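User: Could you walk me through this model? I'd like to go through the helix packing and the charged pairs.

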Amino acid sequence: MVKISNIFLRGLEKPIILWLLAHKPRHGYELIVEFKRLTGRKLKPSIVYPFLHKLEKDGFASAEWITKGKRKIRHYSLTKSGEDLLRRVKEGFGKPVREVLLDLIEKGGKD
């Protein structure tokens, strides 16, 4: 049986990615790890990377290559337009919905 919280979180993956990027620049894998820490649910790379590319293409995020050891990692951060988008998404959630989301996150996505 699928947990209700998993079904609910499935629709919030992209707003949560935006919210995470608003706090600091991150690479895709870091978003996946942080999403799991916050929600207890694994975020699929097939959701994260196309969304990051779309954000960049549409001007909501900028990306820069960072060298970490011998590897190059692409870090994404929100642009001013991305911050405005996140603000509009937040405004779309009324106070009652916001309270439900906070309660869900505090419980770590457990039923």
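User: Which residues are exposed on the other side of α5?

Analyst: Keep in mind that this is a predicted model. Helix α5 covers residues 80-92, and exposed here means over 50% relative accessible area. On the side of α5 away from its buried residues, the ones that pass are Lys-80 and Glu-91.

User: And how wide an arc do the buried residues of α5 cover around the axis?

Analyst: The buried ones in α5 are Gly-82, Leu-85 and Leu-86. They sit on the same side of the helix, because the arc they cover around the axis is only 100°.

User: What covers those buried residues of α5?

Analyst: Gly-82, Leu-85 and Leu-86 are the buried set. Their cover includes two helices and a strand. Those elements are α2 (13-23), α4 (45-57) and β2 (71-78).

User: How far does α5 reach from its first C-alpha to its last?

Analyst: Helix α5 has 13 residues, and at 1.5 Å a residue the expected reach is 18 Å. The model comes out close to that, at 19 Å.

User: Now the charges. How many salt bridges does the structure hold?

Analyst: Side chains of opposite charge can pair when their charged atoms come close. The cut-off for a salt bridge here is 4 Å from nitrogen to carboxyl oxygen. On that basis the count is seven.

User: In the Glu-34 and Arg-37 pair, which residue is buried and which is exposed?

Analyst: Both lie in helix α3, three residues apart, which is about one turn of the helix. Their side chains meet in a salt bridge at 2.5 Å, N to O. Arg-37 counts as exposed because its relative accessible area is 57%. With 17%, under the 20% cut-off, the buried one is Glu-34.

User: What about Asp-58, which residue does it form a salt bridge with?

Analyst: Asp-58 is partly exposed, at 36% relative accessibility. Its partner is partly exposed too, at 45%. The closest N and O atoms are 2.7 Å apart, and that partner is Lys-54.

User: Which residues do shared salt-bridge partners join into one network?

Analyst: Start from the salt bridge between Arg-26 and Glu-30, at 3.7 Å from N to O. Arg-26 and Glu-30 are both buried. Salt bridges that share partners make one network of Lys-24, Arg-26 and Glu-30.

User: Last one: which residues make the nonpolar surface patch?

Analyst: One member sits in helix α3 (residues 28-39), namely Val-33. Val-33 counts as partly exposed because its relative accessibility is 42%. The patch spans about 300 Å², and its residues are Tyr-29, Val-33 and Tyr-49.

Notes. Residues are numbered from 1 along each chain as its sequence is written. This is a predicted model: local features need pLDDT of at least 70, side-chain atom pairs count only at pLDDT 80 or more; totals for chains, interfaces and linings use all residues. Side-chain values use heavy atoms; hydrogens and water are left out. Patches are made of residues with over 30% relative accessible area and no salt bridge: like charges are joined within 9 Å, nonpolar side chains (Val, Leu, Ile, Met, Phe, Trp, Tyr) within 5 Å. Accessible areas come from the Shrake-Rupley method with a 1.4 Å probe; for residues, only the protein chains shown count as cover. Helices (H or I, at least four residues) and strands (E, at least two) are DSSP runs, numbered from the N terminus. Buried means under 20% relative accessible area, exposed over 50%, partly exposed in between (1.4 Å probe, protein chains only). The expected span of a helix is 1.5 Å times one less than its number of residues. The arc is that of the directions from the helix axis to the C-beta atoms. Contact means heavy atoms within 4.5 Å.
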